[in-house]
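Please read the following report alongside the sequence and the structure. The headings take one topic at a time.

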Amino acid sequence: MDSFKMFTKLPQKIPDPFNLLGDQPKLAFRSQPGGIAKLATTRNISEKDSYWEQYVVLFDSASDVFTLITHNDVRRALYEAPENVATLIRVITSRLFNLVSDHTFPTPPPSSVSSLASSIIRSGTGASGERNTTKEVLNCIRVLQRVLPAVFEIESEPSRFEQEVLWKRVEVRPQDAAGQARGGASGAAGGAVEQASAEPQFVIEDEDESDDDEEGDGGARARAPKSPPRQQTSPKAQETTQKPKETMPSIAERLFSCLIDLLFCCGFTLPTKIQVDHYKINYVIWEKGVGSTTDPGPSQQYESNKTEVLRLLLVLLSRQIYTPPATLFTSPSSYTLHFVQNLPRRDVLTVLCSLMNTAVNATHPGSANVMGTVAGRLPYNHLLMKGEDPRTSLVSMCFQVLCVLLDFQSGTARDVAVEGQTSGPTAKTNAFRYFIAKLHRPADFEFLLNGIVTIFEDEMSSLNGLLPGSRKPVPYMVEAIIFLWKMLELNKKFRAFVLESDKAMDITAYLLCYGLEIKDKPEQHGMCRVLSYMIQGLSAERSFGMKLSSPLKAHLPQKWATVGNAGDFIVQTIYSMVATTSGSLNSLYPALVIALSNSAPYFKNLSVTSSARLLQLFNAFANPSFLLSDEGHPRLLFFVLEAFNGVLLHSLQDNPNLVYAILHAHKQFEDLGTFTLARGLREIRRIQQLKEERAAQAQGRGSVDKGKRRARDEEEGAPGDEKARLLQREAESLDLSRSADTLPDAPGRHTDVDAQTRPLMSPTSAETSISAGGGPAISEKARGKMRAAGRSLSGDMTGSLERLAASGVGRNGFVPTQEWVSSWQQGLPLDVIMLVISELLPKVQNLQSSLSGASASNAIIDLLRNANLDQVLPKPPPLSPRRFMWSDASIVWLTSLIWGEIYVRGMTPLGIWNNTAVRLFYVKHAQAQQRQITETVTNVVGGLLGRTESSQSLGRRQ
């Protein structure tokens, strides 16, 4: 009992008399009345009050700020004491501007372990030792990162609070304005720096002659634009009117200038060795690459500082996400508009090249220390190390800022048509888009291409490792793909360089493989759409098509590797994208099938498998249940037929396998020529009845025992037989209809299912003769009569068929009619295909009847290789590929996608925009389910043994 009393005398909390951990002031800030609570409870706190000091000196990391200050705290203060939030922004920005120009900034990092330990003790005990101006600058940046999203979400466009605090200009006397322009936020830079920065770093041609005034702005960095962001007036109009009053730049304008200075501050974001005299601001490109042939030196210790500054820049640009999609063009973000239109040319080029070089140098050996490089190669290292390393965070942030700036086209930043050409950016609409379009040096293009290809190769190696999940996927893969898309879209010379290089097909293969990897993840379907549009755009180029007959050299994951040339790979991957998604990516099918149609004239020597895949796509799109379910589905069939025509008109002799596949499926083409609504509905009803009968029969038998016996037989079968069975099942699973629940979902007619879906092989004597599938070949005249006869059947519809058409064939309320069917059926490009069938089918039938075995197979291949139908087929028309065309809807969609990805990436570890009223896109929170460690280990072992799932996890999921 005495011992128990002894324990009760112990203090409830272990004392920390020296506060070595530094937690007591932080806990007091969160819990005491003089902390964050005072921001909302006490009105009209003076700017000179000592209360604001803790926001600058208390925190030690970004996580401290985002933990101790929540959006709810700022939101509450905005409603109860908005003047305090305004004062906080003014105090923090003023402190930041003064610190940047202070001679004690940046504080040199500790040079030894002992000095580092003493600095930690001083910061923990609150001792007033040496002032750490670097820490104060970082805290100012972090507090603004936390406060501004809560300000942006205020419901008004733009909010009066935001305009009053951040964008209002104050009238001052001329001498005060001049002094502030020389000092203020950026007075640390001087003439010496301007001379050092005036060296010819850039080789980007600027065809806009109005930038002379921007290049000659001297050392004045805290500059005011010619007019506020929303009220653009010409210089001539200003000259004719009364001389305006002198005004200071707004806080937002000064903040942008200050952030640019911080991005190029020696000792903070750049090595101190490049500092010129006592001028610490030096506008040099961060890394060697575009616009710079020299490397300023190692800067690993400054990478986290760069990330902090870029994060605040991204927060300022994120004002866009609080705008509804409908008003994205009419209510542009003032912050982004100012940044892309009012920065001097030097700033734009330096920032642009620094971001590009850092992002593309992501995996450069010199960008990481030795330990980081070794640790990065260890398997499963990402499971042991928490969080991202500073280099990865910096590269991700560079890519995100680049994507936002290159995507911005709201308000006056919209591309304009120049000299009757297609619309494009100018230096006055969006300077970043404009200068990207002006890149022209082959060395710069090669640098960018090699860097992007390296990123893609790292992603592929993470998918193709011997140990499943042993390497972490590239975290900035999405941003890298969007950046590549912007480069290809904006810079025609870069697009030509990529397509003419030996890596054009490698990039295409990487993009398609990445699409196959993410196609089953609903949250990644937006990226699948990006990939499909990129492939469509690339396929419209002639240089792309000329490389389709060359073999692939890229190292791809084994599960996606194919036999044949690049054309075979594209056909089979696009087939996989369509066949294995069961309609969940229905909106992507047009772009993918158009890519096939664009590429078809260049296909050569397509393999048997690729030919079979094209015919399976045709059968799926020609299925009545798919054709009649949506108004846009017939165009997919149209594009597939166009692809066939492209092959038959331009390279018939080079593709005997595909020609044979078309001849083998001649019955489907003939039926399509006489297709009517009544016939399609009858087919749907017949298949539905047949499926019901089969289901009833299956219930009558011992289906469970049969399934077990089938599985046992398959396990004992040969590997070749197992592959054939897998191909058969994949073909049978090609179901795109997904219409009403009462409708069948089979891809083809069940009576001929074996003939239609089995993989086509070279014709042999063992195959069923083509003539067994239907009658003799038909002439063009006869085919026209068949179409006329088919149209005459349009009135032959019973009442039950009409009810079926009205009650479930169409999707989303669409009801097909015979007039609608006739409108697209008569325009299907079947003429060339029917002419080829009428000419070659009788010859192939004769060979099959007269020869047998290998001799018949060789004779048919020789016949198709030597077939010359120039006198029969029409003259090939000029190639007119379908390019991806931008619209207002697609621009809004991509902007939403980019910011959605940035939002998700910002959720951890800081949660920059969490729980704010985002209006550009919908945020759906899904509760993550963590898997047990035993299941993870079992899955890894199962993967090593060739199994994809353990029996335990499979049982739980069933």
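## Two cis peptide bonds before proline

Pro-106 lies in the loop that runs between helix 7 and helix 8 (113–125), and the peptide bond leading into this proline from Phe-105 is cis, with an omega near -5 degrees. The coordinates in which this bond is seen belong to a predicted model.

A cis bond is also found from Thr-908 to Pro-909, where omega is near 0 degrees. Pro-909 likewise has its place in a loop, which connects helix 45 (888–905) and helix 46 (933–944).

## Confidence in the model

Across the protein the mean pLDDT is 78, and 69% of the residues reach 70 or more. Over residues 365–373 the pLDDT stays under 50, and the model has 8 contacts for this stretch beyond four places in sequence. The pLDDT is also below 50 over residues 710–720, a stretch that has 4 contacts in the model beyond near neighbours in sequence. Where pLDDT is low, predicted coordinates should not be read in detail.

## Two asparagines with positive phi

Which residue in the loop between helix 45 and helix 46 has a positive phi although it is not a glycine? The residue is Asn-915, whose phi is about 60 degrees, and which sits in that loop between helix 45 and helix 46. With a relative accessible area of 61%, Asn-915 is exposed, because the cut-off for that term is over 50%.

Asn-44 also has a positive phi, near 55 degrees, in a residue other than glycine. The loop that holds Asn-44 runs between helix 3 (38–41) and helix 4 (54–57), and the residue is exposed there, with a relative accessible area of 57%.

## Two buried residues in helices

Is Thr-93 buried or exposed? Thr-93, which has its place in helix 7 (residues 82–101), has a relative accessible area of 1% and is therefore buried, since the term applies under 20%. When residues up to four places away in sequence are not counted, Thr-93 touches Leu-144 and Ile-251.

Leu-263 belongs to helix 15 (residues 251–263) and counts as buried, at 4% relative accessibility. Leaving aside neighbours within four places in sequence, Leu-263 is in contact with Thr-269, Leu-270, Trp-286, Lys-306, Val-309 and Leu-310. A further relation is given by the C-alpha atoms of Leu-263 and Glu-308, which are 9.8 Å apart in space, while the two residues are 45 residues apart in sequence.

## The contact of helix 29 with helix 30

Two packed helices are described by the angle between their axes and the distance between the axes. For helix 29 (residues 566–579) and helix 30 (residues 589–599), the axes come within 10 Å and cross at roughly 160 degrees. The two helices are therefore roughly antiparallel to each other, because angles over 145 degrees count as such. Helix 29 passes helix 30 in a left-handed crossing.

Which residues of helix 29 and helix 30 meet? From helix 29 they are Ile-570, Val-571, Ile-574, Met-577 and Val-578, and from helix 30 they are Tyr-589, Leu-592, Ala-595 and Leu-596. Divided by type, the residues of this contact between helix 29 and helix 30 comprise 9 nonpolar, no polar and no charged.

How values were computed:
Residues are numbered from 1 along each chain as its sequence is written. This is a predicted model: local features need pLDDT of at least 70, side-chain atom pairs count only at pLDDT 80 or more; totals for chains, interfaces and linings use all residues. Side-chain values use heavy atoms; hydrogens and water are left out. Axes are lines fitted to C-alpha atoms, for helices over the stretch in contact, and angles run from 0 to 180 degrees between N-to-C directions. Helices (H or I, at least four residues) and strands (E, at least two) are DSSP runs, numbered from the N terminus. Angles under 35 degrees count as roughly parallel, over 145 as roughly antiparallel, 65 to 115 as roughly perpendicular and the rest as oblique. A crossing is left-handed if the near helix is turned anticlockwise from the far one by less than a right angle, and right-handed if clockwise. Contact means heavy atoms within 4.5 Å. Ala, Val, Leu, Ile, Met, Phe, Trp, Tyr, Cys and Pro count as nonpolar, Asp, Glu, Lys and Arg as charged, and the others, Gly among them, as polar. Buried means under 20% relative accessible area, exposed over 50%, partly exposed in between (1.4 Å probe, protein chains only). pLDDT is the predictor's confidence in each residue, from 0 to 100.
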